[in-house]
Amino acid sequence: ANIALSLDKNSAEAYNHRGNAKKGLNDHIGAISDYTNAININSKAASYYYNRAYSKDELEDYTGAISDYTRAIKINPNKENYYFNRAYSKQNLEDYTGAISDYTRAIKIKPKATTYFNRALTKYELADYIGAISDNTRAIKINPNYTNAYVNRGVLRNRNNDLKGACSDWRKASRLGYSKAEKWVENQCD
């Protein structure tokens with residue numbers, strides 16, 4: 001990318017590639033600078049905003065990340081990961097309602113176990129335990145070996161006085177290698 005930039009300082013793609021290289025080296029400040037240069041040359045490339053947002057997320061500039069994810073979504077509203085990442089940023093700012101909305105949009109575009117799982121975690125924060133159980137169940141349907149979904153669903157079932165369901169989930173999590181679940185089964189289950 002440095003060679004390309006030495007040949008053409010107006011190459012948005014060269015700045016984007018160099019930004020990606022810096023991001024890969026965890027130089028997010030440098031990456032943001034390069035992505036900004038790319039955007040200044042070509043403000044219609046959604047991926048440049050998305051990449052810059054990702055680096056802002058890594059620096060815990062969640063408000064800045066949300067702004068860039070929103071710009072990327074305006075350019076290309078059909079990218080599931082744009083909504084997923086914006087939801088994650090909103091979750092970090094404790095905008096749980098906004099995060100759920102974005103996770104839901106991501107699911108409509110492309111249902112993924114991780115998206116259902118993250119939406120379940122967000123619903124938990126709003127004390128929507130039944131909704132969180134349902135989303136963990138959907139995550140498990142997509143990925144039957146999703147250990148964390150079994151763990152979380154078990155915790156939620158236990159919270160809702162469904163010890164039998166909780167024990168079933170913890171046993172599965174234990175079989176999948178989650179050692180803490182083994183202790184829960186020993187202490188709370190028959």
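A salt bridge is a side-chain nitrogen of Lys or Arg within 4 Å of a carboxyl oxygen of Asp or Glu. By this rule, the count in the present structure, which is a predicted model, comes to 14 salt bridges. Side chains of opposite charge can pair when their charged atoms come close.

One of these pairs joins Arg52 and Asp68, whose side chains meet with a distance of 2.6 Å from N to O. Arg52 lies in helix H4 and Asp68 in helix H5 (residues 62-75), so the salt bridge ties together parts that are 16 residues apart in sequence. Arg52 is buried, with a relative accessible area of 8%, and Asp68 is buried as well, at 0%. The pair also belongs to a network of salt bridges that links Arg52, Lys56, Asp68 and Arg71.

Further along the chain, Asp102 forms a salt bridge with Arg86, and the closest N and O atoms are 2.6 Å apart. This pair connects distant parts of the chain, since Asp102 belongs to helix H7 (residues 96-109) and Arg86 to helix H6 (residues 80-92), 16 residues apart. Asp102 and Arg86 are both buried. Another salt bridge is found between Arg153 and Asp169, where the closest N and O atoms are 2.6 Å apart. Here helix H10 (residues 147-159) supplies Arg153 and helix H11 (residues 163-175) supplies Asp169, with the two positions 16 residues apart in sequence. Arg153 and Asp169 are likewise both buried.

Attention may now turn to a single helix, H3. At 1.5 Å a residue, the 14 residues of helix H3 (residues 28-41) should span 20 Å, and the end C-alpha atoms are indeed 20 Å apart, which agrees. Within H3, the buried residues are His28, Gly30, Ala31, Ile32, Asp34, Tyr35, Ala38 and Ile39. The elements that cover these buried residues include helix H2 (12-24) and helix H4 (46-58).

Ala38 leads from this helix to the nonpolar interior. In soluble globular proteins, nonpolar side chains tend to be buried together. The largest nonpolar core in this model has 21 residues, and Ala38, Tyr48, Tyr50, Tyr69, Ala72, Tyr82 and Tyr103 are those with the most contacts inside it. Helices H2, H3, H4, H5, H6 and H7 each give two or more residues to this core, and H4 provides the largest share, five residues. Leaving aside residues up to four places away in sequence, Ala38 touches Ala12, Tyr15, Asn16 and Tyr48. A second, separate core has 17 residues, among them Ile140, Trp170, Val185 and Cys189.

Methods. Residues are numbered from 1 along each chain as its sequence is written. This is a predicted model: local features need pLDDT of at least 70, side-chain atom pairs count only at pLDDT 80 or more; totals for chains, interfaces and linings use all residues. Side-chain values use heavy atoms; hydrogens and water are left out. Helices (H or I, at least four residues) and strands (E, at least two) are DSSP runs, numbered from the N terminus. The expected span of a helix is 1.5 Å times one less than its number of residues. Buried means under 20% relative accessible area, exposed over 50%, partly exposed in between (1.4 Å probe, protein chains only). Contact means heavy atoms within 4.5 Å. A nonpolar core is a set of buried Ala, Val, Leu, Ile, Met, Phe, Trp, Tyr and Cys residues joined through side-chain atoms within 4.5 Å.
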